[in-house]
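Below is a set of questions and answers on one protein–RNA model. Each answer gives its reasoning and closes on what was asked for.

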Amino acid sequence: MKFPFAFSVLTCRLINNMSKKDKRFYITTTLPYVNADPHVGFALEFIRADIIARFRSSLGEEVFFNTGTDEHGIKIFRKAEENGLDPQTYVDGIVGKFKNLIPLLNILPNVNFIRTTDKHHVLAAQEFWKIADKNGLIYKKNYSVKYCVGCELEKTDSELIDDKCPLHPSGKLEIIKEENYFFRFSIYQKPLLDLYEKNPTFVVPRSRLNEIQAFVERGLEDFSISRLASKMPWGIPVPGDEKHVMYVWFDALVNYISAVGWPHSPETFSKWWVETGGVVQYCGKDNLRQQAAMWQAMLMSVKLPPSKQIIIDGFVTGEGGVKMSKSLGNTIDPMAIVDEFGADALRYYVARELSPFEDSPFTLEKFKESYNAHLANGLGNLVSRILKMAETNNIVIPPTNMDIEASPEIVAIQERYVEGFDGYDIQRASNAIWDLISATDKIVQVREPFKKIKVDKDGATADIVELLVRLRIISRMLLPILPATSIEITKLLETNKMPTKPLFARK
RNA sequence: CGCGGGGUAGGGUAACGGUAACCCGUCAGGCUCAUAACCUGAAAAUUAGCGGUUCGAUUCCGCUCCCCGCAACCA
């Protein structure tokens, strides 16, 4: 659909979407595991998903944004034991810390928060199991578990070095045979490969699609989806077999559909899962297999359509790309950043300084550098200098100004912005805004309206009006990324006042 | 030879067959509306190394070296 030149790109998108009244968008984060306090990585992922959710909202789409907590499994069971609590009491106590992130990170307040211990989720997971079972995708077999006598714990191969427990290298590993339920993952090789081939943007970025494709091509093994309740009772009971509880993944992944009403509310489910083409799932690169392969096979096993897209983001690292770890002392605490600089400043850093898909470093030095350069000196200062001229000379922003809003320069910038978001390239979208900020600073310098006002009042007034209109465009584009700042700028423009306090004080 | 991703100015990244771009930092000049902010200009890169394809390679191919993930319950 083409629009007359007088409309900006964003306006076009808005109208386009309004014309399709039922345009909807479903996005979710991974559910973080609650065996520890909220992880930096999750905070960043939460912000990314929120930015995309807010962007879609700003286009007039109806958005369902999901997050929550993954609360079952052995690690939590042990953690609760360590703390002398029963598991439910333990998770009830910790879930608040995760919910607190919503106001702290300035996440959309209407975000859906699902807990895998929620009654409706538990029922959904059991129903999911029953259907998969009925469809012949679940079977029982003997499963060998390696057990370290020293640790008194079962060990997975990934926990072992040279087939020995790193904590007890001289100790013996016992092989315990246990009967478990298995999921016929192996038969989904072809369907999964078809899914990837049919939809080249199923996993973003492309390199991750290649990775999962190569993984699936090598062949799949059925995986265990239950645990003996006698050993590890903290899980959803397997329907019809009280001796087993579900393995945590088989339970947790189901949240993406139980959150939108599956199976008890077919209308809601259809509205958000079927009509939207599925969910957009944000997750870390360590979750690629679970989300892009296992979960998709699980959906196939109950004859539900696949997710829409899986967006894989990178990790944050310390200086020089080294892993963050407490022992190296290079961890960063997002909450400390929020305390000192505010949620928008953290959101800015995530959007503009972190690669949307690759690992990128996050240090306090880099954060401050970028904060001063682009928020204080860039955006904040621009707002002050323009509004000062407007306030002093009593120049008010017009309700619209299509000459500027639909100018080729603005249209090109907005195209880049929209394309960036469409491809989940938040950095590219943000760069478009900061290009506009810097071009606007240049206008002030070149035209010098502050000087011109003394000799050519009309000319200077026109310049200042243009600057105000550009500021309004900037403010609108900032809405998904810096929601609080965007609203603040809009308010200042409406009241024609320069900020009494700097928007972002230099640090 | 398990699989995958990388190595580009001091730092962080971009370009991915045709004069190596951007941000931060550094240095010099300009401006005074603004948060000592802003604008202009400069210095700074044999694009990890070696070889190949090509009229031409940062870009494609091969090898070597070095980093980093993953290897089935860590965003």
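Q: Which residues are exposed on the other side of H18, away from its buried residues?
A: The model is predicted. The buried residues of H18 are Ile 426, Ala 429, Ser 430, Ala 432, Ile 433, Leu 436 and Ile 437. They cover an arc of only 150 degrees around the axis, which puts them on the same side of H18. The exposed residues on the other side are Ser 438, Lys 442, Gln 445 and Val 446.

Q: How far apart are the end C-alpha atoms of H18?
A: Helix H18 runs over residues 426-447, which makes 22 residues. At 1.5 Å a residue the expected span is 32 Å, and the distance between the end C-alpha atoms agrees with this: 32 Å.

Q: Which helices are among those that cover the buried residues of H18?
A: The residues to be covered include Ile 426, Ile 433 and Leu 436, each of them buried. The cover includes helices from several parts of the chain, namely H2 (40-58), H14 (343-353), H15 (364-392), H17 (408-422) and H20 (457-478).

Q: What phi does the residue just after H18 take?
A: H18 ends at residue 447. Glu 448 comes just after the helix, and its phi is positive, about 45 degrees.

Q: Which element gives the most residues to the surface near RNA strand B?
A: Around RNA strand B there are 61 residues, of which Gly 41, Gly 284, Asn 377, Gly 380 and Phe 450 come nearest. Elements that give two or more residues to this surface include H2, H8 (206-217), H9 (248-252), H18 and H19 (449-452). With 11 residues, the element that gives the most is H15.

Q: How many residues of the surface near RNA strand B are charged?
A: The surface divides into nonpolar, polar and charged residues. Nonpolar residues number 24 and polar residues 21, and the charged residues number 16.

Q: Which strands stand at the edges of the six-stranded sheet?
A: The sheet is open, its pairing is parallel, and its order is E3-E2-E1-E12-E13-E7. Each edge strand has a single partner strand, so one side of each is left without a neighbour in the sheet; these strands are E3 (112-115) and E7 (203-204).

Q: Which residue in E13 is the bridge partner of Val 204?
A: E7 pairs with E13 (residues 309-313) in the parallel sense, over two bridges. In E13, the partner of Val 204 is Ile 311.

Q: Within what arc do the buried residues of H8 fall?
A: H8 has 12 residues and reaches 16 Å from its first C-alpha to its last, close to the expected 16 Å. Its buried residues are Leu 209, Ile 212 and Val 216. Seen down the axis of H8, they line one face of the helix, because they fall within an arc of 70 degrees.

Q: What covers the buried residues of H8?
A: On the other side of the helix, Ser 207, Asn 210, Ala 214 and Glu 217 are exposed. The cover over the buried residues includes H7 (189-198), E7 and H12 (288-301).

Q: Is Trp 249 buried or partly exposed?
A: Trp 249 lies in helix H9. Leaving out residues up to four places away in sequence, Trp 249 touches Gln 290 and Met 294. A residue needs 20 or more other C-beta atoms within 10 Å to be buried. Trp 249 has 19 within that distance, so the residue is partly exposed.

How values were computed: Residues are numbered from 1 along each chain as its sequence is written. Chains are lettered from A and ligands numbered from 1 in the order in which they are written. This is a predicted model: local features need pLDDT of at least 70, side-chain atom pairs count only at pLDDT 80 or more; totals for chains, interfaces and linings use all residues. Helices (H or I, at least four residues) and strands (E, at least two) are DSSP runs, numbered from the N terminus. The expected span of a helix is 1.5 Å times one less than its number of residues. A residue is buried if 20 or more other C-beta atoms lie within 10 Å of its own, exposed if 12 or fewer, and partly exposed in between; C-beta atoms are placed from the backbone. The arc is that of the directions from the helix axis to the C-beta atoms. Two residues are in contact if their C-beta atoms, placed from the backbone, lie within 7 Å. A residue is near a molecule or strand if its C-beta atom, placed from the backbone, lies within 6 Å of it. Ala, Val, Leu, Ile, Met, Phe, Trp, Tyr, Cys and Pro count as nonpolar, Asp, Glu, Lys and Arg as charged, and the others, Gly among them, as polar. Two strands pair if DSSP finds at least two bridges between them.
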